[in-house]
Amino acid sequence: MDDTDPEADGDEHRGDHVADASAGRTQRISKNQILTLISMASVNFSAMICYSILGPFFPNEAVKKGVSESVIGLIFGCYALVNLLGSLILGKYIVQIGAKFMMISGLFVSGGCTILFGLLDKVPGTTNFIVLCFIIRSIDAIGFAAAMTSSFAIIANIFPNNIATVMVSRHHIC
């Protein structure tokens with residue numbers, strides 16, 4: 001780096017180096033950027049754990065409730081569909097809602113739904129169980145979509161010159 005570069009004096013450029021592809025040089029990552037990246041990676045990792053933890057347990061519990069395997073597959077699949085649609089809609093309105101609020105509310109919604117989903121074994125009757133599974137998984141997918149969409153927006157805001165590099169690094173961390 002050139003010592004006369006006015007950008008090199010700011011606090012935002014202390015710490016590790018990241019390649020700046022547009023200028024062909026490296027710039028320093030600030031402590032705030034590192035902490036944000038770690039926070040977003042932990043959010044992504046935790047959300048993925050909540051999503052994937054159901055695989056080993058839910059099918060056995062659902063079969064005990066009298067749910068067919070095809071309906072179990074639909075319950076898993078509705079999550080992905082609602083997540084996709086929710087991400088598209090929430091991405092359109094993230095500026096009006098705010099990325100920080102969307103992140104926090106999405107995490108609370110997803111966490112609450114994960115807890116509720118864990119209590120579904122107490123629901124009497126197969127039909128009630130299936131309906132509540134679809135409702136809770138769909139709402140959970142919206143919360144997850146909010147958290148992931150805002151996570152991408154926050155990272156893009158914190159790393160405006162290195163979006164692709166940071167996104168790839170984030171996916172390798174998680």
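Is Lys122 buried or exposed? In this predicted model, Lys122 has a relative accessible area of 64% and is exposed. The side chain of Lys122 meets that of Asp121 in a salt bridge, with an N to O distance of 3.5 Å. Asp121 is partly exposed, at 37% relative accessibility. The pairing therefore joins an exposed lysine to an aspartate whose relative accessibility falls between the 20% and 50% limits.

Side chains of opposite charge can pair when their charged atoms come close. The count of salt bridges in the model comes to three. Besides the contact between Asp121 and Lys122, a salt bridge is formed by Lys64 and Glu61, whose closest N and O atoms are 3.4 Å apart. These two residues belong to helix H2 and are three residues apart, so about one helical turn separates Lys64 from Glu61. Lys64 is exposed, with a relative accessible area of 65%, whereas Glu61 is partly exposed at 34%.

A salt bridge also links Asp140 with Arg137, and here the closest N and O atoms lie 3.9 Å apart, within the 4 Å cut-off applied to such pairs. Asp140 and Arg137 are three residues apart in helix H5, which spans residues 126–158, and are therefore separated by about one helical turn. Both partners are buried: Asp140 has a relative accessible area of 5%, and Arg137 has one of 1%. These values fall under the 20% limit, which means that each residue is classed as buried.

The largest pocket holds about 210 Å³ of space. Its lining consists of Ile53, Leu54, Phe57, Phe58, Glu61, Thr114, Phe117, Gly118, Leu120, Asp121 and Phe129. Helices H2 (54–64) and H4 (99–118) each supply at least two of the lining residues. The largest share, four residues, comes from H2. By class, seven of the lining residues are nonpolar, two are polar and two are charged. Glu61 and Asp121 are both part of this lining, and each also takes part in a salt bridge, Glu61 with Lys64 and Asp121 with Lys122.

On the surface, a nonpolar patch of about 820 Å² is made by Leu81, Leu84, Leu85, Leu88, Ile89, Tyr93, Ile97 and Phe101. Helix H3 (residues 69–97) provides the largest share of the patch, seven residues. Tyr93 is one of the patch residues and lies in helix H3. With a relative accessible area of 41%, Tyr93 is partly exposed. This value is over the 30% required of patch residues, so Tyr93 meets the accessibility condition for inclusion.

Helix H3 also contains Glu69, which is exposed at 69% relative accessibility. Glu69 and Pro59 are ten residues apart in sequence, and their C-alpha atoms are 7.6 Å apart in space.

Conventions: Residues are numbered from 1 along each chain as its sequence is written. This is a predicted model: local features need pLDDT of at least 70, side-chain atom pairs count only at pLDDT 80 or more; totals for chains, interfaces and linings use all residues. Side-chain values use heavy atoms; hydrogens and water are left out. Patches are made of residues with over 30% relative accessible area and no salt bridge: like charges are joined within 9 Å, nonpolar side chains (Val, Leu, Ile, Met, Phe, Trp, Tyr) within 5 Å. Accessible areas come from the Shrake-Rupley method with a 1.4 Å probe; for residues, only the protein chains shown count as cover. Buried means under 20% relative accessible area, exposed over 50%, partly exposed in between (1.4 Å probe, protein chains only). On a 1 Å grid over the protein atoms alone, a cavity is a set of points where a 1.4 Å probe fits but cannot get out, and a pocket is an open set with protein on both sides within 12 Å along at least five of seven lines; lining residues have an atom within 4 Å of a point. Grid points are joined across faces, edges and corners, and a volume is the space filled by probe spheres set on the points. Ala, Val, Leu, Ile, Met, Phe, Trp, Tyr, Cys and Pro count as nonpolar, Asp, Glu, Lys and Arg as charged, and the others, Gly among them, as polar.
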